[in-house]
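Visitor: Hi there! I have this model open in a viewer, so please walk me through it.

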Amino acid sequence: ILAPITGITMTLSANIAATCLICAFLITATLIVVFAKLRRMTDISPIAGSDEIGNVDARLLKRVSLSTRTPSISLALKALAAHAGSYASIFAVTLLLVLLVCSVARLSTWVGPHGEGLMEAFSAADHDIGIQPLGPMDIGAAEDVIAQHDQINAVYALAMEPVSVGGQQLTANVIDNASYFHIIEGSAPQTDQEVVVTAMAASALGVNVGDDVAVAGSEGVAEYQVAGIYLCANEMGQNLGMTMQGYERIGDVGGYIWCYHYVLADGSRNEQILQELTSRFGNVAAIHSNSWSGLDGLIDASRMLLVAAFVLSAVLVMVACALSSSRAIASERRDIAIEKMLGFASARLRRTFVVRIAVVTTLGAIAGSLLSAVSADNVFGVLLASSGIGSFHAASTFANTILPALAIVLFAIAAAWWSSRSVCKVVPVKLLTD
């Protein structure tokens with residue numbers, strides 16, 4: 001056909017090849033147009049497919065497109081954005097329960113496995129064994145008994161004598177090595193003209209670090225400067241600390257007022273050492289460890305409180321998630337029916353629902369854990385101040401920060417998976433017919 005006009009002669013095979021290329025081009029162009037038109041169907045939300053199903057913001061529906069290839073996490077986040085109000089209660093419950101458990105765990109951490117926190121708060125200075133002679137005794141023989149069981153790292157003398165400041169009765173912790181005081185503000189007394197006071201005593205006397213106070217003892221009155229604030233909850237915190245030389249200005253440092261405190265290398269054999277010392281020297285000395293009779297009961301009580309808080313929180317978060325999950329699934333039944341009609345399997349819809357619960361509870365757990373780390377120490381400090389404990393600080397650990405939050409999230413996920421069984425009972429045809 002073209003030869004008379006163009007002068008080009010084409011072979012039969014060339015004619016066939018050209019025809020195939022033209023057909024391929026036309027088919028490709030047609031497919032591109034068809035797919036471009038069909039692609040718009042994937043942007044139709046199943047919720048917006050019926051005027052009777054769902055009342056969701058139209059701007060949100062434009063951003064929500066579903067297909068069976070949509071990742072479960074993406075699908076879960078889209079559903080969570082569309083029904084955020086249904087999960088607010090789960091977030092709040094998780095936050096409060098994690099805050100409770102983490103706070104109790106911080107209290108247990110402060111107490112310590114053997115009551116170290118309590119003893120540090122109540123004792124003027126750390127020690128393992130204390131021996132106060134009531135009369136003449138061979139203190140060297142007692143030290144030999146201790147050395148047979150454990151190495152003595154340090155020894156210092158401490159006396160507790162009554163004094164008064166401004167007419168208020170206090171107990172003076174007199175020590176021959178002031179570096180053993182638990183200082184929380186300022187510094188330990190360095191001279192015979194300096195003292196330290198507890199936070200409770202400072203509040204009662206109306207003094208601060210750097211102020212001068214007049215201290216009256218059994219043999220006179222002297223002026224001292226408050227060098228710092230220290231921990232000692234004995235006598236409800238009404239204590240004052242000073243050096244041996246400082247007390248010598250107002251009292252008698254002789255006699256049997258001194259208790260010799262021993263700091264041991266190991267400390268695991270304290271009970272055995274205490275029993276042997278008591279059997280040999282109990283009639284001439286008051287022998288004690290850095291503990292008291294009710295300490296074990298307090299330690300057990302703190303552990304029981306932690307277990308009770310954990311169990312209660314686990315039960316409450318599972319019940320709350322089960323109830324909230326059932327309510328959320330009931331409100332989304334029409335959406336679930338349409339998603340099933342689009343080809344989503346029940347197992348996948350259950351997984352997406354559990355992902356939503358996991359996201360919400362994780363956010364609540366993080367918020368509760370951070371809130372506990374920021375506020376728990378202050379709250380317990382205020383509550384324990386009435387007992388003379390001037391400072392409360394618990395170190396943040398995995399056990400009191402991350403573990404409670406993780407456990408509660410896992411309990412919530414388990415409850416959500418159990419509650420999501422109702423997704424399998426949604427029948428699309430019956431629901432749409434109703």
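Guide: Happy to. One definition up front: the helices and strands we'll talk about are DSSP runs, with at least four residues (H or I) for a helix and at least two (E) for a strand, numbered from the N terminus. With that in hand, Val379 can be placed in helix H13. Also keep in mind that this is a predicted model.

Visitor: Okay, staying with Val379: is it buried or exposed?

Guide: In between. Val379 has a relative accessible area of 47%, so Val379 is classed as partly exposed. In space, its C-alpha is 9.1 Å from that of Phe392, and the two residues are 13 apart in sequence.

Visitor: Now the salt bridges. How many are found in the whole structure?

Guide: A search of the whole structure turns up two. In one of them, the side chains of Arg106 and Asp377 meet, with 3.3 Å from N to O. That pair ties together distant parts of the chain: Arg106 belongs to helix H5 (residues 88-111) and Asp377 to helix H13 (residues 346-385), with 271 residues separating them.

Visitor: Are Arg106 and Asp377 buried or exposed?

Guide: Arg106 is buried, and Asp377 is buried too.

Visitor: Remind me, why would side chains pair up like that at all?

Guide: Side chains of opposite charge can pair when their charged atoms come close.

Visitor: And which residue does Asp266 bridge to?

Guide: Asp266 forms its salt bridge with Arg269, and the closest N and O atoms there are 3.5 Å apart. Asp266 has a relative accessible area of 44%, so it is partly exposed. Arg269 is also partly exposed, because its value is 35%.

Visitor: Let's switch to the strands. What does S3 pair with?

Guide: Strand S2 (residues 152-165) pairs with S3 in the antiparallel sense, over eight bridges. S3 also pairs with strand S8 (residues 239-243), this time in the parallel sense, over five bridges.

Visitor: Give me a residue to click on. What stands opposite Ile175 in those pairings?

Guide: Ile175 is a handy landmark. Leu158 stands opposite Ile175 in the pairing of S2 with S3, and Thr243 in S8 stands opposite Ile175 as well.

Visitor: How many residues sit between S2 and S3?

Guide: Two residues come between S2 and S3, and the strands form a hairpin. Look at Gly166 in the turn, which has a positive phi of about 60 degrees.

Visitor: Is S3 largely enclosed or open?

Guide: Largely enclosed by the rest of the structure, because six of the eight residues of S3 (residues 168-175) are buried.

Visitor: What about S9, which strands does it join up with?

Guide: Two pairings to look at here. Strand S1 (residues 129-133) runs antiparallel to strand S9 (residues 259-264), joined by three bridges, with Gly130 opposite His261. S2 also runs antiparallel to S9, and six bridges join them. There, Ala157 has Tyr260 as its bridge partner.

Visitor: Where does Gln238 lie?

Guide: Gln238 is in the loop between strand S7 (220-230) and S8. Its relative accessibility is 17%, and therefore Gln238 counts as buried. Its C-alpha is 6.6 Å from that of Thr171, although the two residues are 67 apart along the chain.

Visitor: And Gly246, where is that?

Guide: Gly246 sits in helix H9 (residues 244-248). It counts as buried, because its relative accessibility is 0%. The C-alpha atoms of Gly246 and Val195 are 8.0 Å apart, with those positions 51 residues apart along the chain.

Visitor: Now the outside. Which residues gather in the patch of negative charge?

Guide: Asp192, Glu219, Glu248 and Asp252 gather there, on the surface. Asp192 lies in the loop between strand S4 (183-186) and strand S5 (194-197). Asp192 counts as partly exposed because its relative accessibility is 32%.

Visitor: Which residues make the nonpolar surface patch?

Guide: Val307, Phe310, Val311, Val315, Val319 and Leu323 make that patch, which covers about 520 Å². Val311, one of them, lies in helix H11 (residues 295-331). With a relative accessible area of 47%, Val311 is partly exposed.

Visitor: Great, back to the viewer for me. Thanks!

Terms used
Residues numbered from 1 in each chain as written. Predicted model: local features only at pLDDT ≥ 70, side-chain atom pairs only at ≥ 80, totals over all residues. Heavy atoms only, no water. Patch = residues over 30% accessible without salt bridge, like charges linked within 9 Å, V, L, I, M, F, W, Y side chains within 5 Å. Areas by Shrake-Rupley, 256 points an atom, 1.4 Å probe, with all protein chains shown as cover. Salt bridge = Lys/Arg side-chain N within 4 Å of Asp/Glu carboxyl O. Lys, Arg positive; Asp, Glu negative; His and termini not counted. Charge placed at Lys NZ, Arg CZ, Asp CG, Glu CD. Buried < 20%, exposed > 50% of the residue type's maximum accessible area, 1.4 Å probe, protein only. Pairing = 2+ DSSP bridges.
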